[in-house]
Amino acid sequence: MQRRTFLQQGMAWAAAGSLHLDGHAQQQLLTRPIPSSGERLPLVGLGSWITFNVGRDRQARERCAQVMQRFFEGGGRLIDSSPMYGSSQDVIGEALERLGAGRRVFSADKVWTSSDGAAQVEQSRRRWRVERFDLLQVHNLLAWQEQLPLLQSMKAQGRVRYVGITTSEGRRHREFEQLMRTQPLDFVQLTYNPVDREAEQGLLPLARERGIAVLANRPFRQGELIDALRGQALPAWAAEIECRSWAQVLLKFIVSHPAITCAIPATSNPAHASENMAAARGPLPDEALRQRIAAHLAKL
């Protein structure tokens, strides 16, 4: 694979809120800041749950590398994984090395153990083939009483840049909210899409109040929403936000919420990686259009 020149930082502020434009004139990439630092991230990242768990299958690994190449060519930075994602970490690490993208990636991984979190982090780091992680998260709050202090200590020592916690499918929201109120968190990761909107009632406003970045997982409900929309023509209003697919509509709904820092769709299709990154460009839906999108999805 040929290495491509990555998008450069430094374009003018966008008109909408804290959004910012990065990159070449033809590739205006929308970003938002991480509240605790001001560092900006593109609104769309890349997940690896299921899609990158391909074992030693060389053809499948090649396809994952192509997904990552398209992702980086589109201006992407944040890739998210976890020890529970099978071979995904190793697949990511191999592709990062092959693409020469170790310094481009914003590496986000998790601790998912009730025992030696430090040993697991080191194993994950070796699999990714990075010097250190940008973000480490306690996965689904597993043993957070032990693992969160570990991650905070690692941050103080400069061994990780940001610390967070995750949940999915609406689990343990009450405990999650309590940690957001009491712990010094840089990031939270939660489920949010036009159908799963529980986070709008508490977690997303709290994240804005507390200055915590938000990663949105399960944007397509593991493909369930895409499948439900397959064959349906895009409404005329999709053109208002320059969407050419339902995937882009879903992603633009998600990242148009001001509390969302980055949505992390997973894919094993290189073309879909490019399509998803295109959702981080162009206009985002206003509140009226957000409601129309949600109402359309509610009918499915």
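Rings of Phe, Tyr and Trp (the six-membered ring of Trp) count as a pair if their centres lie within 6.5 Å. With that in mind, let's take a walk through this predicted model.

**Aromatic pairs**

By this rule the structure holds eight aromatic pairs. Two of them are set out here.

| Pair | Geometry | Centre to centre | Angle between planes |
|---|---|---|---|
| Phe71 and Phe72 | tilted | 5.5 Å | 55° |
| Phe106 and Phe187 | tilted | 6.1 Å | 45° |

Phe106 belongs to strand S5 (residues 106–111) and Phe187 to strand S8 (residues 187–191), so their pairing ties together parts that are 81 residues apart in sequence. Phe106 and Phe187 are both buried. Tyr162 joins them: Phe106, Tyr162 and Phe187 make up one aromatic cluster. As for the other pair in the table, Phe71 is buried and Phe72 is buried too.

**Helix H8 and its surroundings**

Now to helix H8, which spans residues 246–255. Here 10 of the 10 residues are buried, so the helix is largely enclosed by the rest of the structure. Among these buried residues are Trp246, Gln248, Lys252 and Phe253.

What covers the buried residues of H8? The cover includes three strands and three helices you can look up in the viewer: strand S2 (29–33), strand S9 (213–217) and strand S10 (262–263), along with helix H7 (224–229), helix H9 (270–278) and helix H10 (287–298).

Phe253, one of the buried residues of H8, also has a charged partner: Arg290 lies over the face of the Phe253 ring, at 4.2 Å from the ring centre.

How values were computed
Residues are numbered from 1 along each chain as its sequence is written. This is a predicted model: local features need pLDDT of at least 70, side-chain atom pairs count only at pLDDT 80 or more; totals for chains, interfaces and linings use all residues. Side-chain values use heavy atoms; hydrogens and water are left out. Rings of Phe, Tyr and Trp (its six-membered ring) pair if their centres lie within 6.5 Å; planes under 30 degrees apart count as stacked, over 60 as edge-to-face and the rest as tilted. Buried means under 20% relative accessible area, exposed over 50%, partly exposed in between (1.4 Å probe, protein chains only). Helices (H or I, at least four residues) and strands (E, at least two) are DSSP runs, numbered from the N terminus. A charge sits over a ring if NZ of Lys or CZ of Arg is within 6 Å of the ring centre and within 35 degrees of the ring normal. Contact means heavy atoms within 4.5 Å.
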